[in-house]
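Visitor: Could you take me on a close look at the aromatic rings in this model? I would like to see how they pair up and what lies around them.

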Amino acid sequence: MNIDVFQVNTERDTNRIAFMDYDNIARFQGSPDIDCKIYDKVFEGEVNCKSLEDVYRKFNTDHPENYKGRSISVSDVVAVKDTNEVDSGFYFCDDIGFKKVDFHPEECTELINQP
């Protein structure tokens with residue numbers, strides 16, 4: 001599976017939505033839209049996963065060698081780019097499972113953890 005992982009940069013997170021579930025984002029930032037400008041891309045590449053749950057497990061218990069972000073948690077976004085198992089798109093890691101969302105990676109900070 002070819003993916004990107006985006007995580008909230010807490011220094012730019014003025015509404016403090018890092019680690020917040022999707023249903024509470026609107027309450028704290030005034031809109032349910034994901035504010036892509038507060039996210040950093042922390043990974044891009046191929047992972048041996050068949051589902052988003054596999055991605056969650058991998059990035060919590062068996063990080064890829066070149067990954068330096070924190071473990072995937074609520075408020076992180078996974079971009080699925082190439083796989084037959086999961087529809088391509090952007091998925092918000094919610095308190096239970098993942099929610100497909102609109103996300104604009106061109107507004108994010110560039111990749112920060114690759115050599």
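Guide: Let's start with Y39 and F103, both of which are buried. Keep in mind that this is a predicted model. The ring centres of Y39 and F103 are 5.3 Å apart and their planes meet at 90°, so this pair is edge-to-face; the cut-off for that label is over 60 degrees. Now trace the chain between the two. Y39 sits in strand β2 (residues 39–46), while F103 is in the segment after β5 (98–101), and 64 residues separate them, so the pair links distant parts of the chain.

Y39 and F103 also have company: together with F6 and F90 they are linked by ring pairs into a cluster.

Stay on strand β2 and move along to F43, which lies in that strand. F43 pairs with F59, again edge-to-face, with 5.2 Å from centre to centre and 70° between the planes. F59 belongs to helix α2 (residues 52–61), so this pair ties together parts that are 16 residues apart in sequence. Both F43 and F59 are buried. In total, the structure holds seven aromatic pairs.

One more residue is worth a stop, because D76, at 0% relative accessibility, counts as buried. You will find D76 in the loop between α2 and β3 (77–82). Its side chain reaches the backbone nitrogen of S73 at 2.8 Å. Beyond its neighbours within four places in sequence, D76 is in contact with several residues, among them F6 and Y39, and those two are members of the ring cluster we visited earlier. Other contacts of D76 include R70, Y91 and C93.

Definitions and conventions
Residues are numbered from 1 along each chain as its sequence is written. This is a predicted model: local features need pLDDT of at least 70, side-chain atom pairs count only at pLDDT 80 or more; totals for chains, interfaces and linings use all residues. Side-chain values use heavy atoms; hydrogens and water are left out. Rings of Phe, Tyr and Trp (its six-membered ring) pair if their centres lie within 6.5 Å; planes under 30 degrees apart count as stacked, over 60 as edge-to-face and the rest as tilted. Helices (H or I, at least four residues) and strands (E, at least two) are DSSP runs, numbered from the N terminus. Buried means under 20% relative accessible area, exposed over 50%, partly exposed in between (1.4 Å probe, protein chains only). A polar contact is a pair of N or O atoms within 3.5 Å; within protein, one must be able to donate a hydrogen and the other to accept it, and residues adjacent in sequence count only if both atoms are side-chain atoms. Contact means heavy atoms within 4.5 Å.
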